[in-house]
Amino acid sequence: MKSKKNRIKRSPGDRVTQVLIYIGAAAVAVVAVLPFLYIVGGSFATERELTEKPFLIIPTVFSTNAYKFIIEDGRILNGMKNSVIVTVIGTVLAMFFTTTFAYPLSKREFQGRSLVLNLVIVTMVFSGGMIPSFLLIKALGMLDSYAALTIPGALSAFNMVIMKNFFEGIPPELEEAAVMDGCSDVGVFRKIVLPLSKPALASIGLFYAVGLWNDYFGCMLYINTEAKQTAQLILRSIVLLAQGFDLSGNRLDFGANGNPPEQAVKLASTMVTVVPILLVYPFVQKHFTKGVMVGAVKG
Amino acid sequence: MSRKHKLPAAAAKVPFGVYFRRHWWLYLMLLPGALHFIVFKYVPISTLFIAFQDYNPFAGYFGSPFVGLKHFRNFFGGHDFMNLLKNTLAISFMNLVFYFPVPIFLALILNEIRHIHFKNAVQTMVYIPHFVSMVIVASITYTLLNEKTGIVNLIVEELTGKTLPFLSGPQYFRPIILIQSIWKETGWGMIVFLAALSGVDVELYDAAKVDGAGRWKQMWHITLPAIKGTIIVMLILRVGSILNTGYDQIYLMSNSLNRSVSDVFDTYVYRVGVGNGQYSFSTAVGLFKGIVGCIMVMGTNWIAKRCGESGIY
């Protein structure tokens, strides 16, 4: 009733503003997803339609040739297999390192807490940079192995702080009660703290998984063997080939009337690389604003 | 509540030995992460001294000769420096002026929307680009802007009769980078402002309405002050990373035709260091970048505190 009263009080100018706000928000949302729809449409178009006549999102001739090609070709599928391996191993490692490190630091009476936290925060402002890290990975013998893609990134200071803040929000009474019942510190962590932290675990797990899946630079830096390359790197070479460049950005020469032939294949490869993320996203996104990010801001 | 818990903890401040014996499990849990931080964060920081050496992998960290500030002199005196600085600052300032306000603006718009389902739907959609890799973003950009087949050039051709070389023309590089950043990160960048706004007491708005404050007055006197602190923190972080243009995006969008504007410190370190094997020289470049970043963060933080804000630490 109250809102009805407010609505009546609104001036015509204000109502126009309100309509504009809704239209504006809807337009922003459409712009955010439109490119994906274009890619979906294009991946089902014929090569001729892609290169010769314009169409909007829905192609006039429906074709699955591009997908047939990438299945037969096998490169991008092999890359996806590698990406799945890296993402799964990397996420499990990262969750182990992050939760075990964050839990002691979430206890206010933990001795040495502020020293450790300060040392962590220093690394958020200052880091060794690309070359010292590269030389370290090389010295550790991790070059050309998935260890280089999964282990160095397994503990992000930022995610650790979010996790710690979330643990701090768990009422200490619950933990104290478990201690009374004879639970050890690890028992409390496993039986009380982790089950209560599902929203944070889901969000941070997604952050790590997405980072690992999307990582392009790490793979380019550390993986040389083509059979070990992840989907992002293979997609990149497919895109560049379709664009007429080689991997280091120099123009390829296709001859006098040679068009790069792989537009539809490029779109289909883009599609299969993005789909895993779009599949997981809806299940986890509801946790984002609740709790986790709020905790990050307050911390 | 917090007072109740602080008191016993403060009263029962036990000696470290006693605490350790009682809670050694906690220290054991801390160990893997602590080792990780030492090996992958602090070892690289401690090997930064190779910036002052002529490091070669066969002589190792301790066998390579020290050369003092040679690499820094070569870098600042070399002809690459000014161009790198110009390109890096151009991209950073462009992002600061044109990208930085966009998430704030979008958060203010969403804050005005009262239909919760509509608001949730918009949020779900605008977050998606954040989770897509830069390789995908570059792929989409190439597809949309291709000179012969891209939809943008088809429209341009329809209107003007000719096509524009978006992907090879150096003059288009920076605007494309900016549009990519806005498209990819606006939604996600908005989340911290929405979180800050969720803490605002709704009664403030009702009281303002009773006092006859319109939409703009409410925004100016209630909404903006509520997110002012967050805006300042985000600004400090952005100014602090002024030499960090990010590696992936620039590298993925650069090619032999636009290198005059696409070469920035991050891509330069990679090309000279990993590509040419000039480890010491590129470490010096990286160290310069890191020190400037540190100074910028501390400087902006100091200014924010002088202006009565809480800053980041």
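1. Rings of Phe, Tyr and Trp count as a pair if their centres lie within 6.5 Å. In this predicted model, ring pairs of that kind link A:Phe134, A:Tyr222, B:Phe49, B:Tyr55, B:Tyr61, B:Phe62, B:Phe66 and B:Tyr279 into a cluster. Over all chains, a search of the whole structure finds 46 aromatic pairs.

2. Two of these pairs may be described individually. A pair of aromatic rings is described by the distance of the centres and the angle of the planes. For B:Trp24 and B:Trp25, the ring centres are 5.2 Å apart and the planes meet at 20°, so the pair is stacked; the cut-off for stacking is an angle under 30 degrees. B:Trp24 has a relative accessible area of 42% and is therefore partly exposed. B:Trp25, at 33% relative accessibility, also counts as partly exposed.

3. The second pair consists of B:Phe81 and B:Phe265. Their ring centres lie 6.3 Å apart with the planes at 50°, so this pair is tilted. B:Phe81 belongs to helix α6 (residues 80-99) of chain B and B:Phe265 to helix α16 (residues 265-275) of chain B, so the pair ties together parts that are 184 residues apart in sequence. How accessible is B:Phe81, buried or exposed? B:Phe81 has a relative accessibility of 11% and counts as buried, because buried means under 20%. B:Phe265 counts as buried at 0% relative accessibility.

4. Helix α16 of chain B merits a separate remark. The helix is mostly covered, with eight of its eleven residues buried. Those buried residues are B:Phe265, B:Asp266, B:Thr267, B:Tyr268, B:Val269, B:Tyr270, B:Val272 and B:Gly273. After α16(B) comes B:Gly277, whose phi is positive, near 70°.

5. The largest nonpolar core holds 162 residues, of which A:Phe101, A:Met160, B:Phe75, B:Tyr127 and B:Phe131 touch the most other members. Helix α11 (residues 170-197) of chain B gives the most to this core, contributing 14 residues. A second core, separate from the largest, has eight residues, among them B:Ala51, B:Phe72, B:Leu287 and B:Cys294.

6. A:Phe101 has partners in both chains. Which residues does A:Phe101 contact, leaving aside its neighbours within four places in sequence? In chain A, they are A:Val116, A:Val120, A:Leu155 and A:Met160. In chain B, they are B:Met29, B:Leu30, B:Gly33, B:Ala34 and B:Phe37. The ring of B:Phe37 also has a charged group over it: the charged end of B:Lys41 sits 4.9 Å from the ring centre.

7. The count of salt bridges over all chains comes to 13. One of them joins A:Asp73 and A:Arg75, whose closest N and O atoms are 3.1 Å apart. Both ends of this bridge are partly exposed: A:Asp73 has a relative accessibility of 33%, and A:Arg75 has a relative accessible area of 31%.

8. Another salt bridge forms between the side chains of A:Glu168 and A:Arg108, at 3.9 Å from N to O. This pair links distant parts of the chain, 60 residues apart: A:Glu168 is in helix α9 (residues 157-168) of chain A, while A:Arg108 is in the loop between α5 (75-105) and α6 (113-125) of chain A. A:Glu168 is partly exposed, with a relative accessible area of 24%, whereas A:Arg108 is exposed, with a value of 56%.

9. In chain B, a salt bridge connects B:Asp54 with B:Lys70, the closest N and O atoms being 3.0 Å apart. The two residues are 16 residues apart and link distant parts of the chain, B:Asp54 in the loop between α3 (24-46) and α4 (60-63) of chain B and B:Lys70 in helix α5 (residues 70-77) of chain B. B:Asp54 counts as partly exposed at 28% relative accessibility, and B:Lys70 counts as partly exposed at 30%. Elsewhere, salt bridges that share partners join A:Arg108, A:Arg113, A:Lys164 and A:Glu168 into one network.

10. A final point concerns A:Glu47, placed in helix α3 (residues 47-52) of chain A. A:Glu47 is partly exposed, with a relative accessible area of 27%. The C-alpha atoms of A:Glu47 and A:Asp215 are separated by 30 Å, and the two residues are 168 residues apart along the chain.

How values were computed:
Residues numbered from 1 in each chain as written. Chains lettered and ligands numbered in written order. Predicted model: local features only at pLDDT ≥ 70, side-chain atom pairs only at ≥ 80, totals over all residues. Heavy atoms only, no water. Core = buried A, V, L, I, M, F, W, Y, C linked by side-chain atoms within 4.5 Å. Buried < 20%, exposed > 50% of the residue type's maximum accessible area, 1.4 Å probe, protein only. Helix = DSSP H or I, 4+ residues; strand = E, 2+ residues; numbered from the N terminus. Contact = heavy atoms within 4.5 Å. Phe/Tyr/Trp six-rings, centres within 6.5 Å; stacked < 30°, edge-to-face > 60°. Lys NZ or Arg CZ within 6 Å of the ring centre and 35° of its normal. Salt bridge = Lys/Arg side-chain N within 4 Å of Asp/Glu carboxyl O.
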